[in-house]
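Here is a brief report on a ligand site and on the cysteines. View the structure first, then read on.

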Amino acid sequence: MKLADRMSRLGTETAFEVLVKARALEAQGRTVVHMEIGEPDFDTPANIIEAACKALNSGYTHYVPSAGLPEFRKAIADEVSKTRGVSFDAEQVVVTPGGKPIMFFTIMALAGPGDEVIYPNPGFPIYESVINFVGAKAVPLPLLEQREFRFDVEDLRRKVTPKTRLLIINSPHNPCGSMLSKEDLQAIADMASENGFMVLSDEIYIRLVYDGEFMSITQFPGMPERTIILDGFSKTYAMTGWRLGYGVMPKALAAQIAKLMTNSNSCTASFTQMAGLEALTGPQEESYKMVEAFRQRRDVIVDGLNAIRGISCLNPRGAFYVFPNVKEVVKRGKFANAKALADDLLQEAGVATLSGTAFGEFGEGYLRLSYATSIDNINEALNRIDGFVSKLS
Ligand code: PLP
């Protein structure tokens, strides 16, 4: 079999590979504390599950329009208008199976060979993977610990060229937990208007904000016409397995993205969309309770990591990840790199983490831990990491 050349350029998500390794250790009778996977440990709220069952029982078992059910697109437009303080209408919304396809479709629709796409590094690995896949040039924008894991505005300015088609931003950020400031967003808005590029704003962690206020790039004049908002239900409503997300974008682009939906999925499952409608319009208490639980866990894990010799960890402002600096531990333990440390932590101490480099080359020297797990698990992970690190000479 001869694969198409582009397949050699497609990357992956290491979290799923580490999960497989961790499960193999568990099958041998070892216990593993899972800090690798980025999904809420909570169950989907009952009212949402009930809405899906009701929809299935009342005939939502057929194809629906590729861009989504009209009433659901309208509810999304209302929600996004409310939370971003900018007016959007239903025709700007495309519903997809998870937020992830919006990355794939947007990059596919806007960039190709000869084009450049700037993306955060470290950052969600699928950005770089898909940019490479479509044959565009992937231009990494380093996020810097000394800027609380935000990029340097002058660095971005230098990276913008006449070939720049798209800039990807993600705030609150996976894996760093950082948030872009108003000044950062203003600078992006100015550059986008001057240079005519589009912005893919991955806002999937919008509700998971612990310090400060969320701001969307669409709040800046001229930016609703240049922005694709990516959002979804996985993180806010603990619905990762349902596969439900959406993009909000200029109407002309929405029509193109809907065509990509027709060509790939036909449509997003109809009863799932009815569950999403309930998620948006029903009670929100369960979702806010989860946010509060994540905040408490964040405080436990940040304090615990900072108490371990050789590890320093900034307080993330959003999402549910920490990105501790482990350079001193890598050096003291004579590990080749952060990945070797993460491998040993799993094998020797039974703690599954990801190397910062799973999120790009600028993640070297860091680990990523997801704290979407119980406080007991977090404390167990901290004890195991402390024991492991203390033994290094
Ligand atoms: N964007 C970011 C930054 C993420 O971390 C994730 C999932 O981990 C997604 C998008 C995609 O989420 P989903 O496809 O489950 O909606």
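## Ligand site

In this predicted model, 14 residues surround the ligand. The closest are Gly99, Asp202, Ser234, Lys235 and Arg243. By class, the shell comprises five nonpolar, five polar and four charged residues. The ligand sits in the largest pocket.

Three polar contacts to oxygen atoms of the ligand are tabulated here.

| Residue | Protein atom | Distance to a ligand oxygen |
|---|---|---|
| Glycine 99 | backbone N or O | 2.7 Å |
| Tyrosine 205 | side-chain N or O | 2.8 Å |
| Lysine 235 | side-chain N or O | 2.6 Å |

Glycine 99 thus uses a backbone atom. Tyrosine 205 uses its side chain, and so does lysine 235. Taken alone, the ligand exposes 400 Å². The protein buries 93% of that area.

## Cysteines

How many disulfides does the structure hold? It holds zero. A disulfide needs two cysteine sulfur atoms within 2.5 Å.

Take cysteine 267. The closest cysteine sulfur to its own is in cysteine 53, 19 Å away. That is too far, so no bond forms between them. Cysteine 267 is also buried, at a relative accessible area of 13%.

Now cysteine 313. Its sulfur has its closest cysteine sulfur in cysteine 176, at 10 Å. That distance is likewise too far for a bond. Cysteine 313 counts as buried too, with 8% relative accessibility.

Notes
Residues numbered from 1 in each chain as written. Predicted model: local features only at pLDDT ≥ 70, side-chain atom pairs only at ≥ 80, totals over all residues. Heavy atoms only, no water. Near = heavy atom within 4 Å. Polar contact = N/O pair within 3.5 Å; in protein donor to acceptor, adjacent residues only side chain to side chain. Areas by Shrake-Rupley, 256 points an atom, 1.4 Å probe, with all protein chains shown as cover. 1 Å grid on protein atoms, 1.4 Å probe; cavity = no way out; pocket = protein on both sides within 12 Å on 5 of 7 lines; lining within 4 Å. Sits in = over half its atoms within 2 Å of the grid points. Nonpolar A, V, L, I, M, F, W, Y, C, P; charged D, E, K, R; others polar. Buried < 20%, exposed > 50% of the residue type's maximum accessible area, 1.4 Å probe, protein only.
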